[in-house]
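Here is a walk through one protein model, taken a piece at a time. Keep the structure open beside you and click along as you read.

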Amino acid sequence: MTDIVLRVDHLNGGYAGHTVLRDLSFELRAGEILALLGPNGAGKTTTLMTVAGFLPAISGSVEMLGHPTRKNSPHQLARLGLGYVPDDRALFRSLTVRENLKVAKHGGGTLELALEYFPELRKRLDITAGSLSGGEQQMLVIARALVSRPKILMIDELSMGLAPAIVAKVLPVLRRISDDMKTAIVLVEQHVQQALTIADHAIVLVHGDVRVSAPGDVLRRDPTQLERAYLGQSVDPELTQHAQTQDTQTQDAKTQDTKTQDAQEVPA
Ligand SMILES: Nc1ncnc2c1ncn2[C@@H]1O[C@H](COP(=O)(O)OP(=O)(O)OP(=O)(O)O)[C@@H](O)[C@H]1O
Ligand SMILES: [Mg+2]
């Protein structure tokens, strides 16, 4: 059974020798949505960039669509099937919506596909991206990533600066994309409860440690556990058992530094 599109194994990440993310492991299958949650500064963006291969890992490995990410440039990863939506909504503000979508079109991609999921943009095609509302800009950013029909879509802070009503509108679209096209999605999100409405699985990072790794429905049933995780308090062991390494993580936490040194360094 190899519909696993993303395999992250004992990943440590950070900046210039400063470890920000510790011992993250998970697997993601085609059509699944993983919500990556945690308070400000927890390491979510660092994690996403390391998993995508844009930031060299300190140790551990990532296999994306059967390829180790450290052997691929960001451009190669995009060609392989990774769509990456950074948290800065880097649109070409003076270009029209249509032009922004066309710029994203590689090979066999199609604007129609993106517009099918975000029909609001259809009537805005000829106005500049800079004059869209915040919600429309975020739709355009995701639509742009969809144009090349990614197999994996990573989205950092989908809801930043958006009204909850807009977030509530966009999240189900992601679920539909994932269901229809079997796109695997990694979603970094501050609106925890809303993210859980669409997530198959959620990981909560606190200070770079995996505090929770559990199915979305389990977390939906007991939101107090998430609050405890955010506050750094102990959580129900059931919520950590789904991280493959979680059972050993607790025992190994004290030896983490040694493990990190032993693991193979990834060249920058
Ligand atoms: N370029 C960088 N160089 C050095 N340290 C960094 C860099 N970017 C982030 N950090 C540090 O790494 C830690 C995690 O930051 P990161 O941005 O990954 O967290 P985050 O969970 O995405 O936070 P937020 O919710 O605010 O977006 C923080 O302590 C931050 O100061
Ligand atoms: Mg961030």
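## The core and what surrounds it

The largest nonpolar core has 72 residues, and those with the most contacts inside it are Leu-34, Ala-35, Leu-36, Ala-143, Leu-187, Ala-202 and Ile-203. Helix α5, residues 134-147, gives the most to this core, with eight residues. Both domain 1 (4-81 + 150-262) and domain 2 (92-148) give residues to the core, so the core lies between them. Bear in mind that this is a predicted model.

Take Ala-143 as a way in. Leaving aside its neighbours within four places in sequence, Ala-143 is in contact with Leu-101, Ala-114, Tyr-117, Phe-118 and Leu-121.

Now zoom out for a moment. The protein chain holds eleven helices and ten strands. Of its 268 residues, 41% are buried. Look at the contacts between residues at least 6 apart in sequence, and 68% of them join residues at least 24 apart.

## Along strand β2

Strand β2 covers residues 18-29, and Phe-26 lies in it. Phe-26 counts as buried because it has 22 C-beta neighbours inside 10 Å, and the cut-off for that is 20 or more.

Leu-28 is also in strand β2. Leu-28 is buried too, with 22 other C-beta atoms within 10 Å. Which residues does Leu-28 contact, leaving aside its neighbours within four places in sequence? They are Ile-4, Val-5, Leu-6, Leu-34, Ala-184 and Val-186.

Asp-23 lies in β2 as well, and Asp-23 is buried, with 24 other C-beta atoms within 10 Å. The backbone of Asp-23 is worth a click: its phi is positive, about 50 degrees, although Asp-23 is not a glycine.

The loop between β1 (4-15) and β2 is where you'll find Gly-17. With 6 other C-beta atoms within 10 Å, Gly-17 is exposed.

Over in the loop between α5 and β7 (152-156) sits Ser-148. Ser-148 is buried, with 20 other C-beta atoms within 10 Å.

Several of these residues pair up in space with partners from elsewhere along the chain. Here they are side by side:

| Pair | Apart in sequence | C-alpha to C-alpha distance |
|---|---|---|
| Phe-26 and Val-62 | 36 residues | 9.6 Å |
| Leu-28 and Asp-200 | 172 residues | 9.7 Å |
| Gly-17 and Ile-58 | 41 residues | 7.7 Å |
| Ser-148 and Arg-79 | 69 residues | 8.6 Å |

## Around the ligand

Next, hop over to ligand 1. Its surroundings are made up of Tyr-15, Val-20, Gly-38, Asn-40, Gly-41, Ala-42, Gly-43, Lys-44, Thr-45 and Thr-46. Which helix gives the largest share of that shell? Helix α1, residues 44-52, does, with three residues. By residue type, the shell divides into three nonpolar, six polar and one charged.

## Helix α9 and its two sides

Helix α9 runs over residues 223-230, and Gln-225, Leu-226 and Ala-229 are buried in it. These three cover an arc of only 100 degrees around the axis, which puts them on the same side of α9. That fits a simple rule of thumb: an α-helix has 3.6 residues a turn, so residues three or four places apart point the same way.

What covers the buried residues of α9? The cover includes α7 (192-196), β9 (201-206), β10 (209-215) and α8 (216-221). Turn the helix round, and the face away from the buried side carries the exposed residues Pro-223, Thr-224 and Glu-227. After α9 comes Gly-232, with a positive phi near 80 degrees.

One more backbone angle to look at belongs to His-207, in the loop between β9 and β10. The phi of His-207 is near 50 degrees, a positive value in a residue other than glycine. As for its surroundings, His-207 is partly exposed, with 14 other C-beta atoms within 10 Å.

Technical notes: Residues are numbered from 1 along each chain as its sequence is written. Chains are lettered from A and ligands numbered from 1 in the order in which they are written. This is a predicted model: local features need pLDDT of at least 70, side-chain atom pairs count only at pLDDT 80 or more; totals for chains, interfaces and linings use all residues. A nonpolar core is a set of buried Ala, Val, Leu, Ile, Met, Phe, Trp, Tyr and Cys residues joined through C-beta atoms within 7 Å. A residue is buried if 20 or more other C-beta atoms lie within 10 Å of its own, exposed if 12 or fewer, and partly exposed in between; C-beta atoms are placed from the backbone. Helices (H or I, at least four residues) and strands (E, at least two) are DSSP runs, numbered from the N terminus. Domain bounds come from an automatic or database domain assignment. Two residues are in contact if their C-beta atoms, placed from the backbone, lie within 7 Å. A residue is near a molecule or strand if its C-beta atom, placed from the backbone, lies within 6 Å of it. Ala, Val, Leu, Ile, Met, Phe, Trp, Tyr, Cys and Pro count as nonpolar, Asp, Glu, Lys and Arg as charged, and the others, Gly among them, as polar. The arc is that of the directions from the helix axis to the C-beta atoms.
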